[in-house]
Amino acid sequence: MIQIEEIKIENFRGIRELTLQPNRKSFAIQGPNASGKSCVVDAIEFALTGNLSRLAGDGTAGLSVGSHGMHVDSRKNPAASKVSMRLYHSRSKEVFTITRCLDKPSQPKLKPDTPATRALLAQFGRRDEITLTRRQIAKYVLVQATQRSTDVQNLLRLDCIGSIRKTMASAERKCQTNAATAGKELKSSAELLQRHLQVDSLTPDAILAAINPKRIQLGLVPLGDLESISFLDPDTQGLEQTSGHVVRLTALRDLQAFREATSSPELARASQAIVQTLRVLDLDPKLNLKLRSHKLFELGLELAEEDSCPLCESPRSLEELRAHFTKKLEQSKRAGQIAKAIAESANELRDACFDVVLKARPIVELAKRLKLDEFSLKLEISTSSLQSKSDLLHNLDGISAIREQLVSFVDFSGLDSDLAHLGRTIERLPDQSATLEAMSFLTLASERFTNVCKRQAEQKRSQKILDRAQFVHRTYSDVSQAELETLYRSVEKTFADAYRSLHHEDESTFTARLTPDEGRLDLDVEFFGRGMFPPGAYHSEGHQDSMGLCLYLALMQQVFGDELRLVVLDDVVMSVDSSHRRAICELLKNWFPDTQFIITTHEEIWFYQMQTVGLIDRKNARIFQSWSVDHGPVVSDAVETWSQIDAFLTAGNVPSASLTLRRHLERVLPQIADALGAETSFRLDNKHDLGELKTACYVRLKETLHQAAAAAKEWADLDMALAAEDLLQTLTNIIPEYDKESKYVTATIHDNAWAKLVKQDFLPVVQAFKDFSACFQCPRCKDWIKRTPRQSSKKLECNCGFTNFAITKPSAEQKATLGKVG
Amino acid sequence: MSDSKDITARVHAAFLQEILNNPSYSELEIPLRSLLASESTMKPEGLIKIYEQTNVNQLPESK
């Protein structure tokens, strides 16, 4: 995975020109709202993916990277809007540069442009997974289980497993439909044969018992089995005469079966149920509307596969689309139940219609044999029309289109006289000779038996195909489920461990459970020993934010493991209190020592905590003081403050230099006081006077250096004792100068006449404050020195380890050991 | 490191092995292996074709 060495932003979003050099280390930007922090996050995402998730999703209709990614004044020149990043690939240890312009966001320029660097960039694709924003943080803990499953699988790059499972399920459904149709065809053909043979079941014995008497009548040898497909021998005399012959009794039975099918109670019941449900919808137009949109959202969710809506083609991220459709489906739950009821009745009606169609077939054939061609044609047209109507029962639009016909859905009353005529014609058929009757009987039996065999083969084939589809789908589901179970056990453990490290004081027994189940991923967390609940049930918003962050980090660690080298956190701790923010700093630093975090925040205290904990070097901390449309963010850092003051003085602008110095003190004195654990009078608003803070810091450092010098002597470390005493002496010398000069700062800011200082007058003031600050800094890393641990401190040290005073004296035992060594 | 690509590959390997282990369905293993390799373009129709075309000899006679 990559890390950022440098990022250069030009005319992009709210930034005119900005260069930041994280140099592969964690980097933090602090500033008030609308100071341009998130533009840096956007720039990183854009450089890596060519995409901007901020311009996609809810409420972003009409927005796009190509039209709105550039600075507002650069809209006519998108080529001038660009982001360049110098990146380091941790595995190959190679450095490469990527530059992406707004005029061609999908065509990044790489230097060097090699297959390896292209492949590296392709890993990111359109994903923005390395970035966690405030907006996204809740999505892992507070979304519905189906959406969580999608989000988590996307993040874990397991989405192909889900999509393959869906494809297998869809194939299985189609095979199921085919097998059901084949089953109905077989049943119908078997009924036809049974009616003709007048047997209760189609066992070989029953069939042979029905046909053999007829064969004997014809002087043929009785069949011993059903090996032969024909029940008449090929050379039977007079066989040709039976062609077109009608077996009267069978014909009457077929006619009766058809009539019964057209007046079946199932037909009436199913039609009536649909009509009644549609009336409910008539009385509630909103429900009707929701029912229609429910189907639409179901379709949208099923078809959503790319970053544009499958229904209207508007650009939206896939993740947003799925969340949107899932939410809409939940909102129209009642409509979903109505849709289900209609679908069930429609299925019943369709089945009954299919039965009518199947039973009409022998009647059509019969009419043809009896030369009733006009009736035969009319019946064919009617059944074909019924089949078409019944096909419309598959969806609500179709049902609505034929709504008026539902009351008398199967209506063959127009053929009543023809059917009656057919019946009479059959009745009037002359008695056949016994021989001819036997031959006709066996001919029709052979036809129907052949048809049963054919349908049976088709049904078996369909069933076998369905068996395969079911086996394949079930096996894939079981195997992936088992694998995902293992994966989620690992994620939930990391998640719970991370969360416990943040909330160990009150939730030391916290556990979590991720439960995957066919397209769902349920998350339950332990709540103070009272049981497992969804995260949103009882935990506070701050705890939910912690969970979102921990789950995200656990998932990222699962995806990248040791290769997790870059994570961008955009203002993610809004609801977390300051003690837990410090714990977050420690978590990020200690659990992910090789990961570069790019962090933005508007919280000054967290920004400072990142530095005191050592997550961020001071030189990698930037403050975005303000922002303007013409110039973008006004950036400063601790080192640059003195340069800024010098610049003001060079220009003769003493008031601005003084104001900058004052703001600097307001920012750093609380940090120094915190690092040393300096004692101040309690204030509810936490706003301490600068003089009070200065004194508290001075007193605390002096006390600590005394402790360090005394301890060093006891440890027989004379160099260290000397160093502590030197620093103590420096501090003591500086304080009177500091006190003397500090009055000028306030006076100059308030433009007091007596304090009309020129540059030369103000230089000693600046020097006094510089010297004072330096006493509290490590001379090497420039970080504030701090007492550690915060309670029962044992050391005075910095983050780099160069400044390192022990402040506890050796125990009697340690002293004895020292004596022996000495 | 738990690479998720490995997880997908593991799922597919275990799945194909299960198919192979079952004599009634083992003939599906080769065509399914090819189909899984083109996971992004996999469609239900492609699967049904596999279910229909494999092991034709074992399909029932027309009686």
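This briefing covers the fold of chain A and the side of chain B that touches chain A in a predicted model. Chain A has 822 residues, of which 41% are buried. Its secondary structure comes to 27 helices and 17 strands. Among the contacts in chain A with a separation of 6 or more, 67% join residues 24 or more positions apart.

**Strand 12 and its parallel neighbours**

- Strand 12 of chain A spans residues 596-601, and 6 of its 6 residues are buried.
- Both faces of strand 12 of chain A are covered, with A:Gln596, A:Ile598 and A:Thr600 buried on one side. On the other side A:Phe597, A:Ile599 and A:Thr601 are buried.
- Strand 3 of chain A, residues 27-30, pairs with strand 12 of chain A in the parallel sense over 4 bridges. In this pairing A:Ala28 stands opposite A:Ile599.
- Strand 11 of chain A, residues 566-570, also pairs with strand 12 of chain A in the parallel sense, over 5 bridges. Here A:Val568 stands opposite A:Ile598.
- The path from strand 11 to strand 12 of chain A passes through helix 20 (residues 578-591), and this β-α-β crossover is right-handed.
- A:Asp571 lies in the loop between strand 11 and helix 20 of chain A. Its phi is near 50 degrees, a positive value in a residue other than glycine.
- A:Asp571 counts as buried because it has 21 C-beta neighbours inside 10 Å, where the cut-off for a buried residue is 20 or more.

**Sheet 8-9-10**

- Strands 8, 9 and 10 of chain A form an open sheet in the order 8-9-10, with antiparallel pairing.
- Strand 8 (512-517) and strand 10 (532-533) of chain A each have a single partner strand, so one side of each is left without a neighbour in the sheet.
- Strand 9 of chain A, residues 520-526, pairs with strand 10 of chain A in the antiparallel sense over 2 bridges. The bridge partner of A:Val525 in strand 10 of chain A is A:Phe533.
- Helix 6 of chain A, residues 145-155, lies across strand 8 and strand 9 of chain A. Helix 6 of chain A runs at about 100 degrees to strand 9 of chain A.

**Sheet 15-16-17**

- Another open sheet in chain A has 3 strands in the order 15-16-17, and the pairing is antiparallel.
- The edges are strand 15 (786-788) and strand 17 (804-806) of chain A, each with a single partner strand, so one side of each is left without a neighbour in the sheet.
- From one strand to the next, the twist averages 25 degrees.
- Strand 15 of chain A is joined to strand 16 of chain A (residues 795-797) by 3 bridges, and the two run antiparallel. A:Lys786 stands opposite A:Glu797 in strand 16 of chain A.
- The loop between strand 15 and strand 16 of chain A contains A:Pro789. The peptide bond from A:Thr788 to A:Pro789 is cis, with omega near -15 degrees.
- Helix 24 of chain A, residues 690-714, lies across strand 15, strand 16 and strand 17 of chain A and runs at about 70 degrees to strand 17 of chain A.

**Helix 1 and other local features of chain A**

- Helix 1 of chain A, residues 37-49, is mostly covered: 13 of its 13 residues are buried.
- From first C-alpha to last, helix 1 of chain A reaches 19 Å, close to the 18 Å expected at 1.5 Å a residue.
- A:Gly50, just after helix 1 of chain A, takes a positive phi of about 75 degrees.
- The peptide bond from A:Lys111 to A:Pro112 is cis, with omega near -5 degrees. A:Pro112 is in the loop between strand 6 (109-111) and helix 3 (115-122) of chain A.
- A:Gln198, in the loop between helix 7 (159-197) and helix 8 (204-217) of chain A, has a positive phi near 55 degrees.
- A:Gln198 counts as exposed because 11 other C-beta atoms lie within 10 Å, and the cut-off for an exposed residue is 12 or fewer.

**Contact between chain B and chain A**

- In the contact between the two chains, 28 residues of chain B meet 35 residues of chain A.
- On the side of chain B that touches chain A, helix 1 (4-21) and helix 3 (44-53) of chain B each supply at least two residues.
- Helix 1 of chain B gives the largest share of that side, 10 residues.
- The residues of this side of chain B divide into 15 nonpolar, 4 polar and 9 charged.

Technical notes
Residues numbered from 1 in each chain as written. Chains lettered and ligands numbered in written order. Predicted model: local features only at pLDDT ≥ 70, side-chain atom pairs only at ≥ 80, totals over all residues. Pairing = 2+ DSSP bridges. Contact = placed C-beta atoms within 7 Å. Axes fitted to C-alpha atoms, helices over the stretch in contact; angles between N-to-C directions. Nonpolar A, V, L, I, M, F, W, Y, C, P; charged D, E, K, R; others polar. Right-handed = clockwise from strand over helix to strand, strands pointing away. Expected span 1.5 Å × (residues − 1).
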